[in-house]
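Here are my comments on the model you sent, set out as numbered points. Please read them alongside the sequence and the coordinates.

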2 protein chains.
Amino acid sequence: MAESWSFLDTFEHDFRPLVVIELAKGTKEETIEWFTKRIVDKKANGGAQLLVKPLVTENGDELIYLVGASHLRLLLGAETVGLVKECNDNSMRTFTYSSRKTFKDFADDNHSFLTVAECQYIIKHELENLRAKDEKMIPGYPQAKLYPGKSIVRRLLTSGILVQIFPLHDREELKKLRHSWYGRVKVGYQPLDEIRCYFGETIALYFGFLEYFTFALVPMAVIGIPYYVFAWEDYDKYVMFATFNLLWSTVILEVWKRICAIMTYRWGTLLMKRQFEEPRPGFHGVLGINPVTGREEPVYSSIKRQIRIYLVSLPFVCLCLYFSLYVMMIYFDLEQWALDYHEVNESTFSSLMLFVPSIIYAVVIEIMNRIYRYAAEFLTSWENHRLESSYQNHLVLKVLVFNFLNCFASLFYIAFVLFDMKLLRQSLATLLITSQILNQFAESLLPYWLQKRHKKRMKKRMCSLKTETDLPLVEQVNLEKEMGTYVGTFDDYLELFLQFGYVSLFSCVYPLAAVFAVLNNITEIYSDALKMCRVYKRPFAEPTANIGVWQLAFETMSVISVVTNCILIGMSPQVNAVFTDSKTDLILTVALVEHLLLAIKFIMAFVIPDKPRHIQIKLAKLEFESLEALKQQ
Amino acid sequence: MAESWSFLDTFEHDFRPLVVIELAKGTKEETIEWFTKRIVDKKANGGAQLLVKPLVTENGDELIYLVGASHLRLLLGAETVGLVKECNDNSMRTFTYSSRKTFKDFADDNHSFLTVAECQYIIKHELENLRAKDEKMIPGYPQAKLYPGKSIVRRLLTSGILVQIFPLHDREELKKLRHSWYGRVKVGYQPLDEIRCYFGETIALYFGFLEYFTFALVPMAVIGIPYYVFAWEDYDKYVMFATFNLLWSTVILEVWKRICAIMTYRWGTLLMKRQFEEPRPGFHGVLGINPVTGREEPVYSSIKRQIRIYLVSLPFVCLCLYFSLYVMMIYFDLEQWALDYHEVNESTFSSLMLFVPSIIYAVVIEIMNRIYRYAAEFLTSWENHRLESSYQNHLVLKVLVFNFLNCFASLFYIAFVLFDMKLLRQSLATLLITSQILNQFAESLLPYWLQKRHKKRMKKRMCSLKTETDLPLVEQVNLEKEMGTYVGTFDDYLELFLQFGYVSLFSCVYPLAAVFAVLNNITEIYSDALKMCRVYKRPFAEPTANIGVWQLAFETMSVISVVTNCILIGMSPQVNAVFTDSKTDLILTVALVEHLLLAIKFIMAFVIPDKPRHIQIKLAKLEFESLEALKQQ
């Protein structure tokens, strides 16, 4: 496979490798020829019109191809994906090739107008939207069926011919980024704009949210510390702390929307039209006409999807929830057993044994969460959502409901059925700390160690390669293709969501939770940064305008926490001591306070605008221009 | 004033009087000349470029002008106001003069392409946006100050020079509409499309909502009747009724959004861009640059407005609320006095006397509501909102809060402080029925009677007019200018809102309320129709896409009613009998049920899409086209 296609040679001089395609060893010649031909073919012929070059490795059986594109092709691709860039007049506009001169820093020979992450995103988009025309199967693999509209790359991946596609790291840029991100010890903000340029908006937004959330937790943590230090047990102080927490959590979630709007406006993603997303690569269906765009694309009946959701996914989720509750009851049996054991043989060992059920349960919860996650992904993928956003929403909903119940059911049971505040505090602390340790380990340390080991192995091999001319690139590709794949911000957000639950749901019982959360998040920023830069393959950039369904998830959590905290305060002995004569008055007071707090929350959410005024004006201006443009037509 | 301007004569042949302007008797000649010149002046010179013709009446001192416009001018005006019309391909598009040929039923000589209501709306819009340039005052009236950007018409109105502007009725059309609307006794839907063509979207939408709401109340009324007939007092039946009511009210409010979207899509208003509304005529400020459109227009600091809202309006509203509560306490004193009187001198008279305080209170409530309404209008106008929609929202919010407290405070007091269910039922019935009777009387019967009397007077005068040539027009204008002015759908929605409150807030105590509401609404449809067609001047059409802030108001009411109904059921003796041993259990159960119902409500509101799928697709298609158009630019 050392030959290269003749018509490629003409472009060779400006070929910059951006994306790596790895095919399975022993892939048939005709398949490779067909696939590469489709990639380089003209758009008009249904190709992606990109550049492909085989990578010559030391052992000839590895089939690795480097994909690039001409500068012009990338600019046209930027128009296709609807990138928004800053204009000369400082406004943000959707990039079009014909209006390219009006954009800031645009010059025909300026190849850094599009960031590398954007170029890679464009190439990924084009590759994924390479769809079968009249092919009935992948040439050479009769069992890998194709039908018009099926994404070729997805079929190659599912039939194991295509091992992986990933974007190449840019070693210079990465070094600079690492230095400014976590290279020096400093107190300050993360370089979010640089992270965005290198990793794309989704990841930058996650780090932005993580940072914001950590800062937002600081006041809670600061107020929480004296409660622990002085062992305050006055009910009025608890009420104050809980009330502050509840209102604060509303404020931070509302303010986040504004900060997010400012950031994504600057990045251009706030203006990117998401409703005209192409169907997600995994989406399949018969070729039809999209009623919105009038273009030919796969169509799948919405009723069929509804049936799959309500008749298969929903019952499955319910079954999992039941199983999770069953496991919880086993935990309580274990807990009881440990208590009995402690009573019979009292010793240091037996008092340590008291913590064992909680720790085991925390580990089991983590394992169940991870297994369920795969099932949920499979099911959601099978539901065949047309848009990536719809897929994500359904996946998040499934996972959230399960994780919420799985993590918090035992705490709810302890708090509102057993009424055991001491056990609640102990369980909460054990669950929170165990899950934080497990997560930090599973997320960063383990992959880091695995990768270190691999690098050592690679170094040994390197000696035999010294003679090659393009050694650095081959070495880089070989190193990176063995790195783990970052599967997206999902798990990171989920971790924050559950942490928010631990902090806010029972905040008045365990004010110290916020302190642990802040400490965890500070190390989390560093370990996540390390993980992004050193442990995982570079992920494809993904433009996004907000944290999507997570905003709603966090808001729902903050509503639920109003209810739980009010009940907890109502149950506290200090409050009960005030209402000694009438339990009814106590409950009525608690209910009244709860309703008031909820009302204040909703009014606050209503009164605080989601976008700052200057962003609103800029958006209105663009809408106005778009209307005027339509009029001119 | 019998002379006409020479340059108008050329257009005389196609002059169709659409709008009437009445100036005060004795207005100075120079003012009239200046004003009419501004109206007919070219757009480029800051005029409205309309046609004006003086109406020659029998007594020469009345200054009445008829305003019309050439067909071309109206089409250009339709583009300015952003009318949306149906195209030849059945899609709805914003009308532009250059693309006029693509619209359905468009022909250069087809003067019915725009409905008369639309023409009148355009003329009103142009007149109201006639703004002062370099004039310092209205010529001839040095005390009527003008400054650049001030709406001339508004200044003329406030200084009393301009008595009124109103659109002329179209007798032929009105006759047809009356016949199909309420001319024959029939069971069926109202001719909403015809109402929309004649009166515009705002009024048609009100009648659509009234009809929909009445139909929606029928199931509640049907279920409510047996409770009254059989005097069911079983708690399980009450719980069922209340639960049905609460879920039903959520469903009807969600479904209304969908129906509303279907209707307003057909009428084109769903697509009309509201964010580019011109400032409302009453808005004043110094000339500046609108940051959105880049055009010159009055600008008013948002901070100044906030100060007015929070430092003046808010305290005033609070004062009014306090006053309303004070009046309520007087009512309870009266009630007590009546009870004491009844106990001392028991007789038929004294038992009738028991109802008197409630009736007096109901009348006082109505009077207070009406007085407060004027104050709220004055204040909101003084707050100087830039957009009509913002003005309306603030006005509605002010009035709603006051009316809610004014109408329902006594009921809340009876229910949750006095715990007197019998008095609650009696008060509720008295308030509901009294307010319905008062409203029907004040809204329709009184103006109808006044207008009948006026017509008789007119007929007498008519004998002396027989010699005039254009008698019908003069007669029509004279008749219509004396008719009352319809001040908008505000009061009508408010009435429905309060009715919804009476029906839903305490529905489990008085299931018959829904029956009264349905009966009232059926007569309301007819009396409102009569009022629109015969009692009031024709109102200007006002395009609108939804019922705006009223949707939120109704939804809030339905949330509040979940809370009140749950408490009421919890307080009922039947339910208390079940939980004899533990009052705490009762309250906890009630709280649990309430939270469950609220959760179901929110999930339902979340799951039911606001727009039907086919409307969503059509909207997405237009957005897509607008994006493509911007790309082409």
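The points below take up the interface first and then the annotated segments.

1. This is a predicted model, and the comments that follow should be read with that in mind. The contact between the two chains draws 33 residues from chain B and 33 residues from chain A.

2. Between them, chain B and chain A bury about 3400 Å², and carbon and sulfur atoms account for 69% of that area. On the side of chain B that touches chain A, at least two residues come from each of α18 (549–571), α20 (583–607) and α21 (613–632) of chain B. The largest share of that side, 12 residues, is supplied by α21(B), and by class the side of chain B that touches chain A comprises 15 nonpolar, 8 polar and 10 charged residues.

3. As for specific polar interactions, the rule finds 0 salt bridges across the interface of chain B and chain A. For polar contact, 2 residue pairs are found across the interface of chain B and chain A, both at pLDDT 80 or more.

4. For chain A, an unreviewed UniProt entry lists residues 212–232, 238–256, 309–332, 352–372, 395–416, 428–450, 500–522 and 586–608 under "transmembrane region". How does the model render residues 309–332 of chain A, in helix and strand? Over residues 309–332 the chain is 100% helix and 0% strand, with the end C-alpha atoms 33 Å apart.

5. Residues 586–608 of chain A, also listed in that entry, are 96% helix and 0% strand in the model, and their end C-alpha atoms lie 33 Å apart.

Notes: Residues numbered from 1 in each chain as written. Chains lettered and ligands numbered in written order. Predicted model: local features only at pLDDT ≥ 70, side-chain atom pairs only at ≥ 80, totals over all residues. Heavy atoms only, no water. Contact = heavy atoms within 4.5 Å. Buried area = accessible area lost by both parts, 1.4 Å probe. Salt bridge = Lys/Arg side-chain N within 4 Å of Asp/Glu carboxyl O. Polar contact = N/O pair within 3.5 Å; in protein donor to acceptor, adjacent residues only side chain to side chain. Helix = DSSP H or I, 4+ residues; strand = E, 2+ residues; numbered from the N terminus. Nonpolar A, V, L, I, M, F, W, Y, C, P; charged D, E, K, R; others polar. UniProt positions renumbered as here; feature names shortened; annotations may be inferred.
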